[in-house]
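Colleague: I'm still new to reading models like this one. Could you pick a single part and walk me through it closely?

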Amino acid sequence: MQKLRILLAASVASVALAGTPALAERGTDGDLKILFWQAVSTLNPYLSGGTKEVYSSSMVIEPLARYDETGTLVPMLAAEIPTVENGGVAADLKSITWKLKPDLKWSDGSAVTADDAVFTWKYCTAPDGGCAQAAYYEGVTNVEAVDASTIKVSFSEAKPYPYSAFVGAQSPIIQAAQFKDCMGAKAPECTSANFGPIGTGPFVVKEFKPNDVITFEANPNYRDPAKPAFATATLKGGGDAASAARAVLETGEFDYAWNMQVEPEILATMVAAGKGKLVTSFGTQVERIDVNAFAVDPSLGDKRSTKEAGPHPALSDPAVRKALSLAIDRDIIDEAGYGEAGQPTCNILPAPDIYKSTDVDWCLKQDIDAANKLLDDAGWAKGSDGVRAKDGVRLSFLFQTSTNSVRQASQALIKDMWAQIGVETELRNIAANVFFGGDPASPDTFQKFYADVQMYTNNFDGTDPEKYMAGWMCDKIPSPANGWQGENIVRYCNADYDKLVVELGKTAKLEERASIAKKLNDMLTNDVAQIPLIHRGSVSSHSVTLEGVRMNAWDSELWNVADWSRKK
Amino acid sequence: MFTYTLRRLLFAIPTLLIISFIIFALLDLAPSDPLSDLPLTIPPEVRAQIRDAMGLDQPFLIRYLKWLHQFFVNEPLNIFEQITGLTVGTGERMRVLSWATRSPVVDLIVQRLPQTLWVVGLSYLFGVLLAIPIGVVSAYKQYSIFDQIGTFVSMVGYSVPTFFTGVLLIVIFSSYLQWFPSIYDTNLVVRDWGSFLAQAKQMFLPVLVLTLYNTSQISRFVRSSMLDNLHQDYVRTARAKGVKEKVVLLVHVLRNSLIPVVTVIALGVPTIFSGAIITEQIFRVNGLGQLLITAIQGADIPLVQTLTFIFAFLIVLFNLIADVLYGILDPRIRYD
């Protein structure tokens, strides 16, 4: 009886809560047509870490909490965000306790319980499973169901930022009943579950054609009875970015297209057709030029680009590194290749706002004279061919990047800028699937870095930069000993930096964390560990008839697809 | 003829095995990596685990033998089970799984076949049907206006790449005139006249692009083969005997001219299955061509290996069919 009363009270409360904002009705706006030019391969983000899989699955399966477009955590399946203040995070920072919203149902009508979260953790950490999101459960020693709606996550050591497991589109909760026979090595064999996970999100998978098209229907058991406004959704894949932009902006065949990696002037002419608009959001992506700290001369053989090869004869000189950064006109590169989707930056940690440093903006403005003077003072004198040299070492660099028309154009611009300070550049581009492939046997990966400088984009997930900043520690340098794995691609090594990172790991207060992170960022820019170029945003496009899109770079772009509706 | 066919079929087995090994070795040596599409935010330890789960930690030869076993034993058994409803053994066996989708490769191929056969197959059929009359008339009225225009159009169709004609047609018919969709809907099921019209509309542009290309290619063959025969002595004899011009052309000359053309057409059939990679990509037909190219880009080796092997098999098969057809069409050719 007691139980029944609570149940009734809870359902009355939820009806009351949901009833107030219900202006529209579920399923009244017809079909929502979304276009991903890279087709979706599976709907299980634990089996494929690809962005397209993570985004598309976010329409179906949800985490406990996710980030909104400002990078703020918002509860999804959780009733509220646990903090130290509300007692959800233990005072010793070694555990976090989540409470589920009352009366949550899977799309098949069964109840969502804490056991599903426990199962999700076990699923992703099972041996031989090759779970792509295992990093989200790193440091988690146990996940337990305190009661049917309370989940306690324990950590091996104090975690100042405990929002990792079950937070964000990469770490959603899957249904234990559906995946119970798919643990570990059996995970890939559960094709029907991987292609049609049962979820709590606004949509249910009706049909999945891998690498082609997904058909969704509104979830009849979605917690807000008024949502989603669309009765069905179609997510088509394939083609290229430019034609995807055309389908939304010019022909109007689709409502939303993801990832408009298209030259700004082409997009501008398409937008002029008036059928759609672009939406941009800035996350943590930074296009950067890595400057190799170690010698890379091919005569060094297997030793090149490692500590054994010794410091780089030219690039180990701080004056040269600084001059290279000063000589670049970031505004021109931004204008030519990124347009709305980029902002010049000197920070390797450009966002969220509290972490954004403003102390290293010395490189924002191109200053050829200052760069020339730096090199002159350091003894690099121009030879008869216009290239500077010192003690027989010429400032002639091999500059590599992944094959991509924007990157090739930026490379050509930078080559020209560096020529103005007497630096000779040889350009090279490598197919992206080799460059980023990480095959230890290939000499062309960005981890091996068999070049003097290289350009690409990197970022971090979520809003906490601790792990990202730890990527510049001395022990993270890729080398043959660790199979060329490691995030410290630039081979930066500074004991003071390492100490500060350790301190960051022990600091819990947000303001203090921010000030340490800024210091770390400033160290990297002032030492020119690499040359940050452009803070890149994500650009997508949507039809003018589509309302409710809140472009989000911190989570799935489709994070609030439940709120999307057709303009009346 | 029968023993010849049998001999050729037996000879095809080692050929195909060698081909499969070469494909596997080439793919293994290629530097692309299945994890290259993943965001850089996924740490190296996790990448290593994913690699192990894909079986990449095993030596080359083991992986090849595993694929052979999965493809030649497990998959046929699976098809047998599906058709007959019987269960062989435990019914549980490892199928060839794609790395990107983690689903059976054969299922992917079956899913992609319809749109490829409709679009590429239809354009091949149209190409043949158009090419033969064009080739015949062009040859018979050599250097006439018809021949000149035909030559010009087929030269254009042959030399302008489909990624140009395809995008051009989209800009004209989809963006500007808005007559045809630029994106192919693989979910469309033809149920009534309305959906049939929609299907015809969405097939129109890709089929047009590919038909232009196929017609150009085959009509040139028909024309030159007709020209070779028109100047033969037997044609003059036939005319001297007073055979009607229509009969001379359509019975005597055309029949003889078609022998090499049939070979060319038969050898071209496997290309229908391999899809039209570029055209499928432009119109998002998402057939076998698109499947192959995404698999190559994503280094989805089991999928690339299986697809290319099936294409190799079809090429070997249609080579044999072309040779056999040759013998049937031309009584002078005997293999025994």
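Modeller: Sure, let's look at the helices of one chain, starting where that chain meets its partner.

First, a bit of housekeeping. This is a predicted model, so local features need pLDDT of at least 70 and side-chain atom pairs count only at pLDDT 80 or more, while totals for chains, interfaces and linings use all residues. Residues count from 1 along each chain as its sequence is written, and chains are lettered from A, ligands numbered from 1, in the order in which they are written.

Now for chain B: 45 of its residues are in contact with 49 residues of chain A (contact puts two C-beta atoms, placed from the backbone, within 7 Å). On the chain B side, the elements giving two or more residues are α2, α4 (105-140), α6 (162-176), α10 (277-283) and α11 (helices are DSSP runs of H or I with at least four residues, numbered from the N terminus). The largest share, seven residues, comes from α2(B). Sort this side of chain B by class and you get 21 nonpolar, 18 polar and six charged residues (Ala, Val, Leu, Ile, Met, Phe, Trp, Tyr, Cys and Pro are nonpolar, Asp, Glu, Lys and Arg charged, the others, Gly among them, polar).

Let's zoom in on α2(B), which covers residues 44-53 of chain B. Its buried residues are Val46(B), Ile50(B) and Ala53(B) (buried takes 20 or more other C-beta atoms within 10 Å, exposed 12 or fewer, partly exposed lies in between). Why do they end up on the same side of α2(B)? Because they cover an arc of only 60 degrees around the axis (the arc of directions from the helix axis to the C-beta atoms). That fits a handy rule: an α-helix has 3.6 residues a turn, so residues three or four places apart point the same way. Just after α2(B) comes Gly55(B), where phi is positive at about 85 degrees.

Next up is α6(B), another contributor to the side that touches chain A. Within its own chain, α6(B) packs against α7(B) (residues 193-230), with axes 10 Å apart at an angle of about 140 degrees (axes are fitted to C-alpha atoms over the stretch in contact, and angles run from 0 to 180 degrees between N-to-C directions). From α6(B) come Thr162(B), Thr165(B), Gly166(B), Leu169(B), Ile170(B) and Phe173(B). They meet Leu205(B), Leu208(B), Val209(B), Leu212(B) and Tyr213(B) in α7(B). By class, that contact has eight nonpolar, three polar and no charged residues.

Further along, between α10 and α11 of chain B, there's a loop that holds Asn286(B). Most residues other than glycine have a negative phi. Asn286(B) isn't a glycine, yet its phi is positive, about 50 degrees. Asn286(B) also counts as buried, because it has 29 C-beta neighbours inside 10 Å.

After that loop comes α11(B), residues 288-297, whose axis crosses that of α12(B), residues 301-329, at roughly 140 degrees and comes within 8 Å of it. Here Leu291(B), Leu292(B), Ala295(B) and Ile296(B) in α11(B) meet Leu303(B), Val304(B) and Leu307(B) in α12(B). This contact has seven nonpolar residues, with no polar and no charged ones. And remember that α11(B) also gives two or more residues to the side that touches chain A, so try finding both of its contacts on screen.
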